[in-house]
Amino acid sequence: MAQFSHSRIECFEKCPFQYKLRYVDELTTLPNTDADNALVLGTAMHTGIEKDIKTAIDEYVGSFPIITDAHVNEIIKLQAMIPKAKALLNDFKPPEFEHLIRTKHFIGFADCLIKAEHSNEWILIDFKYCNPKSADKYCDSKQLHLYKYFLEQMMPNQKIVSMAYMIIPKTMIRQKKTEDLQQFRKRLKETLETMDPYLMFIEYDPYKVVAHYESIKNCLECTDYVKNENCLCDWCEFKEYCQKGETYMLLPKNEKRKIDQIAKKTIWIYGAPFSGKTFFANQFPDPLMLNTDGNIKFVDAPFVPIKDIVKVEGRITKRQLAWDVFKEVITELEKKDNTFKTIVVDLLEDLYEACRIYMYDKLGIEHESDNSFKAWDMVRTEFLSTMKRLMNLDYQNIIMISHEDTSKDLTKKSGDKLTAIKPNLQEKCANKIAGMVDIVARVIADGDERTLNFKTNEVIFGGGRLEVKVNEIPLKYSELLKIYNEANIGKSESVEELKNDKPDINRAIGATPEEMEEIVANEYEPVDYPQVPEPVKVEEPAPEEPVVEQPKVRKTRKKRGDQ
């Protein structure tokens, strides 16, 4: 059954090419780990209004591999605005949250339904956590009009008598160069005290429902998905692929596979020097070490030194940079003219520095800032696209090794500092690499005991695509194989029905509201929906302001609207 959400059609209207990548090709990308990720913040705000601040913060923190000061700044905003948003609903009867709207060809979630004066009348509210300067754009949105129309189709005896967007203002102020972190947070709190959520009521327009049907028709009949490049491209998850052709952001389809059919294991391990990382990698079958630091004295695997090669020919000295050497090795490995089964990169951060030097030489600069900061992006693109080539090599195992970095602190709202434990790699690159591998694990040496630790929280970096159900295992290859055998990979539903189950909507284009009722009555199969349950009073949070706590479960809420 093909079901079109408001966000799905809105995606097609904004950029057909983005729609094709997301819904037709079913491409997914590495998650955006920026602290101001709109989807994660919006979900946390919804959770806070429905439940409490602590649950919202736990959900927000659990969406990232590691928490920085920027994340704490966003947490401060959530802690300030959630109580105000909840207080705004106190003027009404107890609300019902997250009401599912499902018909034959439409699906959505109403954020909030509130009883009006009469028993069969309701007020429909949708939460928007946004820059208040851009709030007016929601006046033109079809979202609430569609929700009202299809809710009333589902509940014939009920009536939506009023609709509103709750605008929850989000401050966009940034830390000044003249401010330290504590001064900025003081100014941030002062700014938040002056900001209050408000309700923006709108009048129902039935022709927006007709426009929705027309958009569905255009969507289904589309064969040429054109790119609509504009200022919104900066927030598109496919930007790197669409504009630059880079594929390192793309992830495979989430299809269920049997573990014994996984032919290749990709792992990133990090830990303190001399903790046994290289020795562990040497346990894998038929390894080839791509070594950057010369630490191969205690392993017997063949290796290729990744370093500058200097040749003297008469009076001329020629230098081949280490990054060129690495790319040549990748090219040779792609030929598969060898008997190796495991490729080991030791150390990953040394490769990143080699890439920087290579780009400095290519661009004729001495630092990324010498090129108006564009060089930062160019270095990351060169590094990540080459690492994607490494990940795509047809070998049984790809192992990457890094030292751990404990030199940076996370400053909590209270001013307390926590030591962050993460790989010694530039943060944005580290987050992208984590999304390319099955497992990110930390090697811990405690005396003679060596363990592989999978624990991850607000201060310990971790991740990967494979579900790991234990916190640690002995640092042995045989123990790691058990992790793969016990892992469970999820499954996503196919959207092939999008192409096959096309509703008869031609008659809806240009129809009057009365004609629309007849069309829907004939088009939509009757469904036995339960009556709207009596609202349950939501328990108010404790008055004291919660602090950032380590989440017990890393879990994010299901994306709303898209199926």
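**Group meeting: strands, salt bridges and one cavity**

Strand 3 and strand 4 (residues 121-130) run antiparallel and are joined by four bridges. Before I go on, please keep in mind that this is a predicted model. The connection between strand 3 and strand 4 is a hairpin through five residues. If you want a register point for that pairing, take Ile114, which stands opposite Ile123 in strand 4.

Now the other partner of strand 3. Strand 2 (residues 96-102) is also antiparallel to strand 3, and six bridges join the two. Here too there is a hairpin, with four residues between strand 2 and strand 3. The register point I would pick on this side is Ile101, opposite Gly108 in strand 3.

How many residues of strand 3 are buried? Strand 3 covers residues 107-115, and nine of its nine residues are buried, so the strand is mostly covered. As a reminder, in a regular strand the side chains alternate between the two faces of the sheet.

Next, the salt bridges. Side chains of opposite charge can pair when their charged atoms come close. Searching the whole structure gives 25 salt bridges. I will go through a few of them.

One of them is between Arg22 and Glu237, with the closest N and O atoms 2.9 Å apart. The two residues come from distant parts of the chain, 215 residues apart: Arg22 belongs to helix 2 (residues 16-24), and Glu237 sits in the loop between helix 8 (207-221) and helix 9 (239-244). Are these two residues buried, partly exposed or exposed? Arg22 is partly exposed, at a relative accessible area of 26%. Glu237 is partly exposed as well, at 28%.

Another is local. Lys77 and Glu74 form a salt bridge through their side chains, at 3.1 Å from N to O. Why are they about one helical turn apart? Because they are three residues apart in helix 5 (residues 69-89). Both Lys77 and Glu74 are buried.

The next example is part of a network. Lys159 and Glu152 meet in a salt bridge at 4.0 Å, N to O. The cut-off for a salt bridge is within 4 Å. Lys159 is partly exposed, with a relative accessible area of 43%. Salt bridges link Lys148, Glu152 and Lys159 into a network.

A brief stop at Gln396. This residue lies in the loop between helix 13 (374-391) and strand 14 (397-405). Its relative accessible area is 35%, so Gln396 counts as partly exposed. What is the C-alpha separation of Gln396 and Lys341? The two C-alpha atoms are separated by 5.2 Å, while the residues are 55 apart along the chain.

Last, cavities. The count is one cavity of 30 Å³ or more. The space in the largest cavity is about 30 Å³. Which residues line the largest cavity? They are Ile66, Lys422, Pro423, Leu425, Glu427, Ala430 and Phe461. Strand 17 (422-423) and helix 14 (427-436) are the elements that give two or more residues to this lining. By class, the lining has five nonpolar and two charged residues, and no polar ones.

To recap: strand 3 pairs antiparallel with strand 2 and with strand 4. The salt bridge between Arg22 and Glu237 links distant parts of the chain, whereas Lys77 and Glu74 pair within helix 5. That is what I have.

Key
Residues numbered from 1 in each chain as written. Predicted model: local features only at pLDDT ≥ 70, side-chain atom pairs only at ≥ 80, totals over all residues. Heavy atoms only, no water. Buried < 20%, exposed > 50% of the residue type's maximum accessible area, 1.4 Å probe, protein only. 1 Å grid on protein atoms, 1.4 Å probe; cavity = no way out; pocket = protein on both sides within 12 Å on 5 of 7 lines; lining within 4 Å. Points joined across faces, edges and corners; volume = space filled by probe spheres on them. Nonpolar A, V, L, I, M, F, W, Y, C, P; charged D, E, K, R; others polar. Pairing = 2+ DSSP bridges.
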